[in-house]
Amino acid sequence: MHIPDGYLGPATCGFFYLIMLPIWTVASRAVKKTLNARQVPMLAIGAAFSFVIMMFNIPIPGGSTGHAVGGVLVAILLGPWAACIAITVTLVIQALLFGDGGITAIGANCFNMAFVLPFTGYYIYKLISYNCPENSKRRVFAAGIAGYLALNLAALLTGIEFGLQPLLHHAASGQSLYCPYGLNVAVPAMVVEHLLIFGWVEAIVTALVIKYLQKHDPKLLGIKKEVEDENSH
Amino acid sequence: MKTVTKLWVGLGILILLSPLGLLLPEHFKAQEAWGEWGTDKIKEMVGYIPRGLEKLSSLWQPPIPDYGQDRGGSVLGYMFSALLGILIVVSIIFLISKFLSKKDNL
């Protein structure tokens, strides 16, 4: 899901940088308001987890590979704005140091994986687990569904961004200038592989960690709420 | 052991296991992720290299391309990249948090 340099034209790259600027600004402010020093190690662990989980490429035998992002988990534990910051840092390091995702596409990649993914995941989790106790099974289920749907939405957006390129930019000869595949190819390719395989990986990873924390440290599942309560006093 | 400590240990285990993300795709003959092909592969697939793509794709030369897959034994290179990446990401988060977290809690 890391769009490399060259696949998106300048207009798309610029557009997503422009969209992300205010989001990053608001995220910094939101995190400044709610993050307390106790949570900093958790945020660092969340970013590191997202970084390493993306290195676990899952093969489709004879086909392509994909991976989980881990962003829904970070959003559930620390809130979507904190997750946005954590995943942005991860994506920037992946692009600059390891060439995973292009530097021109950092805006678009962050929009998909550091904004849409944690926010959708967070609110789906909140919705399904509404009013249920920290140790309820419904939380594990909610985490899984949130992971599955959020990763698939991010994959759909990535497919659309790829697929728009032949419409936006082509030479007089009809050849594409950037991503050569249109919506009819890019969207199904991205969506189907995530619906069938990679979405489940995000679902399982998210649900398992929530289950583990329920058993060993249920306080962590209430960490966000606790901070909000502290702030309202 | 505190949960946070356990989570750090968990990260360490993930670093050690990370080469699975390299070896499993190799074993199952899976290619790169959709839309993350090199220019040679694109030429093979569509018959030409899109001009803009060719220009932009070499814009940035990362110091450790593809998580060190081609360096010093790919498994070790990959694991080293996981460790290095995590160290840098963690340092940056701690650095950012110095500016972002509430002063009265520090």
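These notebook entries record what I looked up in a predicted model of two chains, A and B.

**Conventions.** I number residues from 1 along each chain as its sequence is written, and I letter chains from A and number ligands from 1 in the order in which they are written. Because the model is predicted, local features need pLDDT of at least 70 and side-chain atom pairs count only at pLDDT 80 or more, while totals for chains, interfaces and linings use all residues.

**Confidence.** I noted ipTM 0.92 and pTM 0.93 for the model. For chain B, I found a mean pLDDT (the predictor's confidence in each residue, from 0 to 100) of 90, with 92% of its residues at 70 or more. Within chain B, I found confidence lowest in helix α2 (residues 20–27), at a mean of 92, and highest in helix α1 (residues 3–17), at 95.

**Fold of chain A.** I recorded eight helices and two strands in chain A; helices (H or I, at least four residues) and strands (E, at least two) are DSSP runs, numbered from the N terminus. Along the sequence, I read the pattern α-α-β-β-α-α-α-α-α-α. The radius of gyration (taken over C-alpha atoms) is 18 Å, close to the 17 Å that the globule rule (2.2 Å times the number of residues to the power 0.38) gives for 233 residues, so chain A is as compact as a globular protein of that length. I noted that the C-alpha atoms of chain A fill a box of roughly 65 × 40 × 30 Å along the principal axes.

**Burial and core.** I found that 61% of the 233 residues in chain A are buried. A residue is buried if 20 or more other C-beta atoms lie within 10 Å of its own, exposed if 12 or fewer, and partly exposed in between, with C-beta atoms placed from the backbone. I then looked up the largest nonpolar core, a set of buried Ala, Val, Leu, Ile, Met, Phe, Trp, Tyr and Cys residues joined through C-beta atoms within 7 Å. This core holds 105 residues, of which A:A47, A:A48, A:V52 and A:A86 touch the most other members. Helix α6 (residues 137–168) of chain A gives the largest share, 13 residues.

**Helix α1 of chain A.** I noted 25 residues (10–34) and a reach of 36 Å from first C-alpha to last, close to the 36 Å expected at 1.5 Å a residue; the expected span is 1.5 Å times one less than the number of residues. Among the buried residues of this helix I listed A:F16, A:M20 and A:V31.

**Interface.** I found 60 residues of chain A in contact (C-beta atoms, placed from the backbone, within 7 Å) with 54 residues of chain B. On the chain A side, α2(A) gives the largest share, eleven residues. Beyond neighbours within four places in sequence, A:V52 is in contact with B:L11, B:L14, B:I15, B:S18, B:A82 and B:I86.

**Positive phi.** Most residues other than glycine have a negative phi, and I looked up two exceptions. A:N131 has a phi of about 65° and lies in the loop between α5 (106–128) and α6 of chain A. A:N131 is exposed, with 6 other C-beta atoms within 10 Å. B:Y67 has a phi near 55° and sits in the loop between α4 (51–57) and α5 (74–100) of chain B. B:Y67 is buried, with 29 other C-beta atoms within 10 Å.
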